[in-house]
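Let's take a friendly walk through a protein chain, one helix at a time. Please have the structure open and ready to rotate.

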Amino acid sequence: MAFEPPRRLVRALGETAPDGDEWLEKLPGTVEQAVALRELTVERVQVPGGRSSVVLLVRRADDTPAVLKLAPRRARPESEAVALAHWGGLGAVQVLEADGAAGVLLLERLHPEVSVRSLPEAKALLEAAGTLRRLWVRPPEEHVFETVAERTGRQAAAMARAAGDTELAPLVTAAVAARDELLAAPPEQRLLHGTFRQSKVLAGERMPWLAVGPDPVVGECAFDLARLVRDRVEDLIASPSGASITRRRIKRLAESLEVDQERLRGWTLFRAVESGVRALRVGRPGDAELLLEFAGWV
């Protein structure tokens, strides 16, 4: 079959692997092998697709619809497969077949063109929060997942290096200090989605809304919820009352999901600054400007 990876994926991998990416070079052959091995019929490649994987809409040998997802090792596909299996379809897409080591997942077909983000903002936040609550379960015994402390430790170090003595330094210092304080006394340890936002919640058949594309991590629930706070950040920045809307959103989400409001605020600050600094580092100044202005409100 003729295959061309989505441009968005190529650009994203170029940001993190500027000297070329072996996985991307081998991707056409990997796709062909994965399709043949499972006797799948490819309908189309999902575009624009994600920034860390390629998704194909396929049909199995019995003509049931499914999704074939392929991801490089840096996207931690093995962890995704284990997390999805642990959730068992409750709140998240079901795994039909997984070869995590090869970065290949066969998943139930949802409706990729219909995400929670398509709903009005208030309804979208409500549905997204309800989906997220279902995912917050105890991790498996002897789990393989990265912890919030480990992930944010790497991120904090990268932020400090990138900021240096620039004008970003005070904001980065505040974000790292918030992280250190939060990790001094973490409340619960739950399996978290890791990269949850409205666009990661798709319409399904078994349940109205199901989460996809986790980058699972183990830690406190406020860390997971923090990414949802800044959803539709471009709309928040464009609003003359964006700062007050953000503060109300933090309060409302914390209360609805029984998360400590100050801990949610702290993780929202850290995650927004980390994303902003990273966007600046990889050459996306527009995204960086939005995220860092948002972080200043928190």
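Does R227 count as buried or exposed? Keep in mind that this is a predicted model, and that a residue is called buried when its relative accessible area is under 20%. R227 has a relative accessibility of 14%, so it counts as buried. You will find R227 in helix α7, which covers residues 221-229. Leaving aside residues up to four places away in sequence, R227 touches F196, R197 and R271. For a sense of distance, look for H111 as well: it sits 116 residues from R227 along the chain, and the C-alpha atoms of the two are separated by 23 Å.

Now move to helix α10, which spans residues 261-281. One residue to find in helix α10 is S275. Its relative accessibility is 10%, and S275 therefore counts as buried. Which residues does S275 touch, if those up to four places away in sequence are not counted? The partners of S275 are R230 and L291.

Helix α10 also meets helix α9, made of residues 242-256. The axes of α9 and α10 come within 9 Å and cross at roughly 125°. Because of that angle, α9 is oblique to α10. The crossing of these two helices is right-handed. To see the contact itself, pick out I250, K251, L253 and A254 on the α9 side, which meet Q261, L264 and R265 on the α10 side.

Our last stop is helix α6, residues 169-184. This helix has 16 residues, and the reach from its first C-alpha to its last is 22 Å, close to the 22 Å expected at 1.5 Å a residue. Which residues of α6 are buried? They are V172, A175, A178, R179 and L182. Looking down the axis of α6, you can see its buried residues fall within an arc of 125°, so they line one face of the helix. A general rule helps here: an α-helix has 3.6 residues a turn, so residues three or four places apart point the same way.

What do the buried residues of α6 pack against? They pack against α10, which we have already visited, and against α5, residues 148-163. Turn the model around to find the face of α6 that points away from this buried side: there you will see the exposed residues P170, T173, E181 and A184. Helix α6 thus has buried residues lining one face, while the face turned away from them carries exposed ones.

Terms used
Residues are numbered from 1 along each chain as its sequence is written. This is a predicted model: local features need pLDDT of at least 70, side-chain atom pairs count only at pLDDT 80 or more; totals for chains, interfaces and linings use all residues. Side-chain values use heavy atoms; hydrogens and water are left out. Helices (H or I, at least four residues) and strands (E, at least two) are DSSP runs, numbered from the N terminus. The expected span of a helix is 1.5 Å times one less than its number of residues. Buried means under 20% relative accessible area, exposed over 50%, partly exposed in between (1.4 Å probe, protein chains only). The arc is that of the directions from the helix axis to the C-beta atoms. Contact means heavy atoms within 4.5 Å. Axes are lines fitted to C-alpha atoms, for helices over the stretch in contact, and angles run from 0 to 180 degrees between N-to-C directions. Angles under 35 degrees count as roughly parallel, over 145 as roughly antiparallel, 65 to 115 as roughly perpendicular and the rest as oblique. A crossing is left-handed if the near helix is turned anticlockwise from the far one by less than a right angle, and right-handed if clockwise.
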